[in-house]
Amino acid sequence: QVQLVESGGGVVQAGGSLRLSCAASGRTFSTYAMGWFRQAPGKERVFVAAYRWTAGRTYYADSVKGRFTISRDNAKNTVYLQMNSLKPEDTAVYYCAARTSALATSITRADEYNYWGQGTQVTVSS
């Protein structure tokens, strides 16, 4: 019902910036929340940031608060993740996710999201 496509990943020096985009198509009118998760090699997929669509509220992991900003473009059904002051530990595959109904528990839980993008690689060199 919802398709997600991420873009904007790449290689950047520590201290640099990248902006990731996630474009949603399909039944986008039903979107309740969209979020970003990341997974480094050999590690669990973890929460990065999320946007509760109708409420306009944002959520951030402590590790990225103050450096990353999630935003939305309602007309384009797109969310962005502006990543500034990047660190080598930010290196991971970044995934966009969408929730199409009210949350059962927490916007930070990966298992709350029912649609996922393919992921985009972000590499931060020291």
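Which residue forms a salt bridge with Arg-99? The partner is Glu-112, with the closest N and O atoms 3.4 Å apart. This is a predicted model. The structure holds five salt bridges. The disulfide count comes to one.

**Glu-112 and Arg-99**

- This salt bridge links distant parts of the chain, its two residues lying 13 residues apart.
- Glu-112 sits in the loop between S9 and strand S10 (115–116). Arg-99 belongs to strand S9.
- Glu-112 has a relative accessible area of 4%, so this residue is buried.
- Arg-99 has a relative accessibility of 13% and therefore counts as buried. The cut-off for buried is under 20% relative accessible area.

**Asp-90, Arg-38 and Arg-67**

- The side chains of Asp-90 and Arg-38 meet in a salt bridge, at 2.9 Å from N to O.
- That pair links distant parts of the chain, 52 residues apart. Asp-90 lies in the loop between strand S8 (78–83) and strand S9 (92–99). Arg-38 lies in strand S4, which covers residues 33–39.
- Asp-90 is buried, because its relative accessible area is 1%.
- Arg-38 counts as buried too, because its relative accessibility is 11%.
- A network of salt bridges links Arg-38, Arg-67 and Asp-90.

**Arg-109 and Asp-111**

- Arg-109 forms a salt bridge with Asp-111. The closest N and O atoms are 2.7 Å apart.
- Arg-109 counts as partly exposed, because its relative accessibility is 40%.
- Asp-111 has a relative accessible area of 56%, so this residue is exposed. Exposed means over 50%.
- Side chains of opposite charge can pair when their charged atoms come close.

**The disulfide**

- Cys-22 and Cys-96 form a disulfide, with their sulfur atoms 1.9 Å apart.
- The pair links distant parts of the chain, 74 residues apart. Cys-22 is in strand S3 (residues 18–26), and Cys-96 is in strand S9.
- The link of Cys-22 and Cys-96 is left-handed, with -80 degrees about the S-S bond.
- Both Cys-22 and Cys-96 are buried.

**Strand S9 in the links**

- Arg-99 in strand S9 pairs with Glu-112 in the loop between S9 and strand S10.
- Cys-96, also in strand S9, is linked to Cys-22 in strand S3.
- Asp-90, paired with Arg-38, is in the loop between strand S8 and strand S9.

Terms used
Residues are numbered from 1 along each chain as its sequence is written. This is a predicted model: local features need pLDDT of at least 70, side-chain atom pairs count only at pLDDT 80 or more; totals for chains, interfaces and linings use all residues. Side-chain values use heavy atoms; hydrogens and water are left out. A salt bridge is a side-chain nitrogen of Lys or Arg within 4 Å of a carboxyl oxygen of Asp or Glu. Helices (H or I, at least four residues) and strands (E, at least two) are DSSP runs, numbered from the N terminus. Buried means under 20% relative accessible area, exposed over 50%, partly exposed in between (1.4 Å probe, protein chains only). A disulfide is a pair of cysteine sulfur atoms within 2.5 Å.
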